[in-house]
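Let's take a friendly walk through a protein fold. Have the sequence and the 3D view open, and find each residue as it comes up.

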Amino acid sequence: VLGHKSFWVSLLDEDLVDGAFATDHPFVRYALQPAALRIIGDFMHELPQLSDVLLTLSRPTENQSLSYSQLWHLDHDDKRVCKLFIYLTDVRDTADGPLTFIPAPESKPFRNTLKSHMSDDKVFSRVDRSAVREMVAPRLSSFIVNTARCLHMGSRILSDRTRLLYTATYIQPPRIYPEPPARFRAVGSLNEIERTAMRL
């Protein structure tokens, strides 16, 4: 499905039933690993809520204007958002479109004022380029970013490159917004922690 992001394809949409993943889906199970919940839970000081999982294939964007998540932005899913990213292809250099972020302290001037995606010029008029962290790493590398507090962008793919990326999104409960339609449907046995993390 292309949607408005012509530069990437969401590869898991066909696995959804009425907009929800089965809880035994391998990418859902991966997001519920005790180690992942523990790391993010330690940061949030409570069990996080798993909000979504994605598998996206980013494609070349040369000769196209940058748009949406290719521009600098903060995530507004909730007041505190952590995303677990895993590269499923090698991200060798800038041409592979690495996830790129600016740490929270340097991103602070943009919080509570940022309403849309911003160009490089706007960001670097207020932040020094030396603050940028470009996540160049081999496939199967994992990293977690607080995307509600750290400006970030990615998918700026060049030439004949592609980038396959797994993303699991976690929020700090309770949601500050009304709960959206259920993203997960119970299949098979689940323990109490898993049920709580998915609000089942």
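This report starts with the whole chain, then turns to strands, core and charged pairs.

## The whole chain

First, a caution: what you're looking at is a predicted model. The protein chain folds into five helices and ten strands. Its radius of gyration is 17 Å, close to the 16 Å that the globule rule gives for 200 residues, so the chain is as compact as a globular protein of that length. If you follow the C-alpha trace along its principal axes, it spans about 50 × 35 × 30 Å.

How much of the chain is buried? Of its 200 residues, 48% count as buried. The surface that the chain exposes comes to about 10,300 Å², and carbon and sulfur atoms supply 54% of that. Now think about which parts of the sequence meet: among contacts with a separation of 6 or more, 88% are between residues 24 or more positions apart.

## Strands around β3 and β9

Here's a bit of background. Strands in a sheet pair through backbone hydrogen bonds, and they can do so either parallel or antiparallel.

Start with β3, which covers residues 49-58. One of its partners is β1 (residues 8-10), and the two pair in the antiparallel sense over three bridges. To spot this pairing, look for tryptophan 8, which stands opposite serine 58 in β3. β3 also pairs with β9, again antiparallel, over nine bridges. Along that pairing, leucine 50 stands opposite tyrosine 170 in β9, while leucine 54 has threonine 167 as its bridge partner.

Next, hop over to β9, residues 163-171. Seven bridges join it to β4, and these two run antiparallel as well. Tyrosine 87 and leucine 165 are a handy pair to look for, since they stand opposite each other here.

Are β3 and β9 enclosed or open? In β3, eight of the ten residues are buried, so the strand is largely enclosed by the rest of the structure. β9 is also largely enclosed, because eight of its nine residues are buried.

## A three-strand sheet

Elsewhere you'll find an open sheet of three strands, in the order β6-β5-β8, with antiparallel pairing. β6 (133-134) and β8 (152-153) are at the edges with a single partner strand each, so one side of each has no neighbour in the sheet.

Take the pairing of β5 (residues 100-101) with β8: two bridges join them. Threonine 100 is the residue to find in this pairing, and it stands opposite methionine 153 in β8.

## The nonpolar core

Which residues have the most contacts inside the largest nonpolar core? They are Val28, Leu50, Val53, Tyr166, Ala168 and Tyr170, and the core as a whole has 22 residues. Helices and strands both contribute: α1 (26-31), α2 (34-44), β3, β4 (81-87), β9 and α5 (192-198) each give two or more residues. α2 gives the most, with four residues.

Zoom in on valine 53 for a closer look. Leaving out residues up to four places away in sequence, valine 53 touches Leu12, Phe21, Phe27, Val28, Ala31, Tyr166, Thr167 and Ala168. Val28, Tyr166 and Ala168 in that list also appear among the core residues with the most contacts.

## Charged pairs

The structure holds nine salt bridges. One of them links lysine 83 and aspartate 75, whose closest N and O atoms are 3.0 Å apart. Are these two buried or exposed? The cut-off for buried is under 20% relative accessible area, so lysine 83, at 15%, counts as buried, and aspartate 75, at 8%, does too.

Two other pairs mix a buried residue with a partly exposed one. Aspartate 78 and lysine 79 meet in a salt bridge at 3.9 Å, N to O; aspartate 78 is buried at 4% relative accessibility, whereas lysine 79 is partly exposed at 43%. Arginine 175 and glutamate 179 form a salt bridge too, with their closest N and O atoms 3.2 Å apart. Here arginine 175 counts as buried at 18%, and glutamate 179 is partly exposed at 46%.

Salt bridges can also join up into a group. Arg92, Asp93, Asp96 and Arg161 are linked in a network of them.

Note on methods:
Residues numbered from 1 in each chain as written. Predicted model: local features only at pLDDT ≥ 70, side-chain atom pairs only at ≥ 80, totals over all residues. Heavy atoms only, no water. Core = buried A, V, L, I, M, F, W, Y, C linked by side-chain atoms within 4.5 Å. Buried < 20%, exposed > 50% of the residue type's maximum accessible area, 1.4 Å probe, protein only. Contact = heavy atoms within 4.5 Å. Salt bridge = Lys/Arg side-chain N within 4 Å of Asp/Glu carboxyl O. Pairing = 2+ DSSP bridges. Rg over C-alpha atoms; globule rule 2.2 N^0.38 Å. Areas by Shrake-Rupley, 256 points an atom, 1.4 Å probe, with all protein chains shown as cover.
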